[in-house]
Amino acid sequence: MRSDKYKDIEVSGQVYESAPSEVEDAAPKANHNKKDKKDKKDKMGKKANKKVKRNGVMDWAFRVIIFCLVCVIGISGYKVGTALYKYHHSRSGFKQVAKTAKVDPNQFTGVVDFAALQKQNSDVVGWIYQKDTIINYPIMRGSDNDQYLHTDITKKYSVSGSIFMDYRNSADFSDFNTIVYGHHMHDGSMFKSLRGYTKENDYYKDHKTFELITPDKKYHLEIISAFITPATSEAYTYSFNTDADKQAFLNYAVKNSKISTGVTATTSDKIITLSTCAYDYDEARYVVVCKAVPWTKAEIKAGKKLQDKIDKQK
């Protein structure tokens, strides 16, 4: 048998075998090469298209992420800016109130213009001050304990609210235990500094008293105790039936104190309990329990003399 690649050629009656045709062999090879090149080109084109599509998706995703980040930054910046403005507005308002009351925190004399304050709002019942702190505020007393949570002396909204007396207490601070509330503000204002008595070493050493001024009397508030307590604890007792109940309150305050002050009180004293929010647990509060000690006649006279001097300099 002969291979099919050979062909018979008849010349002059004889049959010869011819070699395979180079031309016939070359044609299929050329076509095959062209096809390979086309396939390769198509594959490269598909890969390029996939890469372009992938890059396009990544670019789109990157733009979305950038847009989201810009939005988050913008919203966060707006919130921070708004909060800072509210804090600034509140502080500016209290500075103006201090001017109206003629109270200079750098030269505290104990003289407060209650007539001017009560002309603005008759709910003003006192003034509280502490040297070398931000505490220098009027004390309000509303019809309930919500009224001055976010309302200032002008009865307008304020993020800081006001320092206010428990509405169940007597306006003249004549009860055995008068409770005074203030917000724990993140900018350090209002009653935030009360936390120092339980959280900072030696804070009491530099801040042993407050000053409480009423339309009729002036008191040094000497600190008996300071501690963290639930919002519904005995610290918020405002009504006492017997001296035994009052003594039980004093014992409770001393027993729970985080500091030792050496200040004692009797059932005949007037107690002022200062309160603000704490974040140690749900509904926690910082309280500072103080004894109200009246200013001496000499202190009152000296304060008035200094105030007259200040007024003349203006």
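These are my notes from a look through a predicted model, starting with the barrel and ending with a helix.

**Barrel order**

I traced the strands first. Eight of them form a closed barrel in the order β3-β4-β5-β6-β9-β10-β8-β7, and the pairing is mixed. From one strand to the next, the twist averages 30°.

**β3, β4 and β5**

I began at β4, residues 136-140. Five of its five residues are buried, so the rest of the structure largely encloses this strand. β3 and β4 run antiparallel and are joined by five bridges. Looking for a register mark, I found that Trp-127 has Pro-138 in β4 as its bridge partner. The hairpin of β3 and β4 has six residues between the strands, and there Asp-132 takes a positive phi near 60°.

On to β5, residues 163-165: two bridges join β4 to this strand, and the two run parallel. Ile-139 stands opposite Ile-163 here.

**β7 between its neighbours**

Which strands flank β7? I had β3 on one side, antiparallel to β7 with three bridges, and β8 (residues 218-230) joined to β7 by five bridges, also antiparallel. Glu-211 is a handy marker for both pairings: Tyr-129 stands opposite Glu-211, and Glu-211 stands opposite His-220 in β8. The link from β7 to β8 is a hairpin of four residues. I also checked the cover on β7 (residues 209-213), and four of its five residues are buried.

**The β6 and β9 pairing**

Parallel or antiparallel for β6 and β9? I noted parallel, over five bridges, with β6 covering residues 177-181 and β9 residues 271-278. Val-180 stands opposite Leu-274 in β9.

I then picked out Ser-275, which lies in strand β9. Is Ser-275 buried or exposed? Its relative accessibility is 2%, and the cut-off for buried is under 20%, so Ser-275 counts as buried. I listed its contacts beyond four places in sequence: Val-180, Tyr-181, Gly-182, Phe-191, Leu-194, Tyr-236, Arg-285, Tyr-286 and Val-287.

Outside the strands, I looked at helix α5, residues 243-256. This helix lies across β6, β8, β9 and β10, and runs at about 65° to β8.

**Cysteines**

How many disulfides does the structure hold? I found zero. I looked up the cover on two cysteines while I was there. Cys-277 is partly exposed at a relative accessible area of 26%, whereas Cys-290 is buried at 0%.

**Helix α6**

Last, I checked the length of α6, residues 297-313. At 1.5 Å a residue, its 17 residues should span 24 Å, and the end C-alpha atoms are 25 Å apart, which agrees.

Which residues of α6 are buried? I wrote down Gly-303, Gln-307 and Ile-310. Seen down the axis, the buried residues of α6 fall within an arc of 60°, so they line one face of the helix. That spacing fits the rule I keep in mind: an α-helix has 3.6 residues a turn, so residues three or four places apart point the same way.

The face of α6 turned away from the buried side carries exposed residues, and I copied them down: Lys-297, Ala-298, Lys-301, Lys-304, Lys-305, Lys-309 and Lys-312.

How values were computed. Residues are numbered from 1 along each chain as its sequence is written. This is a predicted model: local features need pLDDT of at least 70, side-chain atom pairs count only at pLDDT 80 or more; totals for chains, interfaces and linings use all residues. Side-chain values use heavy atoms; hydrogens and water are left out. Buried means under 20% relative accessible area, exposed over 50%, partly exposed in between (1.4 Å probe, protein chains only). Two strands pair if DSSP finds at least two bridges between them. Axes are lines fitted to C-alpha atoms, for helices over the stretch in contact, and angles run from 0 to 180 degrees between N-to-C directions. Contact means heavy atoms within 4.5 Å. A disulfide is a pair of cysteine sulfur atoms within 2.5 Å. The expected span of a helix is 1.5 Å times one less than its number of residues. The arc is that of the directions from the helix axis to the C-beta atoms.
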